[in-house]
Amino acid sequence: MGPTDETVTVVVRVGDHVRPLVVWAGDRTQTADKLVAGFERFERRQHFLDEERTRFKAEIDVPIGRVVMTGTCRWPLDKEIFFSTPDGLVPMSYADAMDHLDPNPVRIADRAAQRVLDAHADEAGLPRTLTRFVGPHTLVAGVQAVGNSLAYAERCTARQAWWRRATLAEARAWDAGRT
């Protein structure tokens, strides 16, 4: 179900925003697509909690069928992602939100494979973003095995290197080069 002209009214803490989520494409240091808060703002009003009208929260109209986040930051966490329905906001995981916003079956399968690769990288302690490693190492430029995972390194010298976990595309190319 896609967005509609209908809205649902939600009440949040003062200072919190409800923003639509969009898919942001990575760059050289952050290679994976990620979800970020869009710039669109929804109509908001005061929702008074008492008859004296001294305590209030924010009341926001959200279009039904939208993936939104609540909170004050730009990068959503699982507990801040929701799908708007006629009955209110329904919690949604980061992976489900990404799959809803980018429903291409090939990309959904790729993201699932990337999550498996990321789980192995987490076990190996590999950084998510391009990070400077200082000290003695055995890293060489390119993709290489590190434990049960793969790392990508560049600008390697005897005393430092820049490295991060390998992307799915890099892992597939590395695997294809070994056969």
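Me: What does helix 1 lie across, and at what angle does it run to strand 3?

Reply: Bear in mind this is a predicted model. Helix 1 (residues 94–101) lies across strand 2, strand 3, strand 6 and strand 7 (81–85). Its angle to strand 3 is about 85°, and the range 65 to 115 counts as roughly perpendicular.

Me: Which residues of helix 1 are buried, and what covers them?

Reply: Ala-97, Met-98 and Asp-99 are the buried ones. The cover includes helix 2 along with strand 2, strand 3, strand 6 and strand 7.

Me: Staying with those strands, what makes strand 3 and strand 8 edge strands?

Reply: Start with the order: five strands form an open sheet, 3-2-6-7-8, with antiparallel pairing. Strand 3 (34–37) and strand 8 (88–91) each have a single partner strand, so one side of each has no neighbour in the sheet. On average, neighbouring strands here are turned by 45° against each other, direction ignored.

Me: How do you know that strand 2 and strand 6 pair?

Reply: Pairing takes at least two bridges, and strand 2 (residues 17–24) and strand 6 (residues 67–71) share four, in the antiparallel sense. So the pair passes the cut-off. For a spot to look at, Arg-19 stands opposite Met-69 in strand 6.

Me: Why is Thr-70 called buried?

Reply: Its relative accessibility is 14%, and buried means under 20%, so Thr-70 qualifies. Thr-70 is found in strand 6. Not counting residues up to four places away in sequence, Thr-70 touches Val-12, His-17, Val-18, Glu-80, Phe-82 and Leu-89.

Me: What about the other sheet: which strands stand at its edges, and why?

Reply: That one is an open sheet of three strands in the order 1-5-4, again with antiparallel pairing. Strand 1 and strand 4 (44–48) stand at the edges because each has a single partner strand, leaving one side without a neighbour in the sheet. The average turn between neighbouring strands of this sheet is 35°, direction ignored.

Me: How do you know that strand 1 and strand 5 pair?

Reply: Same kind of check: at least two bridges are needed, and strand 1 and strand 5 have six, in the antiparallel sense. So they count as paired. One of the residues to click on is Thr-9, whose bridge partner in strand 5 is Asp-61.

Me: Which residues make up the largest nonpolar core?

Reply: There are eleven: Val-8, Val-10, Val-12, Val-18, Phe-42, Ala-58, Ile-60, Val-62, Ile-64, Val-68 and Phe-82. Strand 1 (7–12) and strand 5 (56–63) supply at least two residues each. Another core, of ten residues, lies apart from it, with Leu-21, Ala-37, Val-67 and Phe-83 among them.

Me: On to the helices: why are helix 2 and helix 3 called roughly perpendicular?

Reply: Their axes cross at roughly 80°, and roughly perpendicular covers 65 to 115, so the label fits. The axes of helix 2 (residues 105–124) and helix 3 (residues 168–178) come within 9 Å. Helix 2 brings Asp-110, Ala-113, Gln-114 and Leu-117 to the contact, and helix 3 brings Leu-168, Ala-171 and Arg-172. By type, the contact residues are four nonpolar, one polar and two charged.

Me: Asp-118 and Arg-178 next: what makes one buried and the other exposed?

Reply: Asp-118, in helix 2, has a relative accessibility of 16%. Buried means under 20%, so Asp-118 counts as buried. Leaving aside neighbours within four places in sequence, Asp-118 is in contact with Arg-128 and Arg-165. Arg-178, in helix 3, comes out at 56%. Exposed means over 50%, so Arg-178 counts as exposed. The C-alpha atoms of Arg-178 and Val-143 are 11 Å apart, with their places 35 residues apart along the chain.

Me: And why is Cys-156 called partly exposed?

Reply: Its relative accessible area is 27%. Buried is under 20% and exposed is over 50%, so Cys-156 lands in between. Cys-156 sits in the loop between strand 11 (149–154) and strand 12 (160–165). Outside its neighbours within four places in sequence, Cys-156 is in contact with His-137, Leu-139, Val-140, Ala-141 and Ala-161. The C-alpha atoms of Cys-156 and Pro-86 are separated by 54 Å, and the two residues are 70 residues apart along the chain.

Conventions: Residues are numbered from 1 along each chain as its sequence is written. This is a predicted model: local features need pLDDT of at least 70, side-chain atom pairs count only at pLDDT 80 or more; totals for chains, interfaces and linings use all residues. Side-chain values use heavy atoms; hydrogens and water are left out. Axes are lines fitted to C-alpha atoms, for helices over the stretch in contact, and angles run from 0 to 180 degrees between N-to-C directions. Angles under 35 degrees count as roughly parallel, over 145 as roughly antiparallel, 65 to 115 as roughly perpendicular and the rest as oblique. Contact means heavy atoms within 4.5 Å. Ala, Val, Leu, Ile, Met, Phe, Trp, Tyr, Cys and Pro count as nonpolar, Asp, Glu, Lys and Arg as charged, and the others, Gly among them, as polar. A nonpolar core is a set of buried Ala, Val, Leu, Ile, Met, Phe, Trp, Tyr and Cys residues joined through side-chain atoms within 4.5 Å. Buried means under 20% relative accessible area, exposed over 50%, partly exposed in between (1.4 Å probe, protein chains only).
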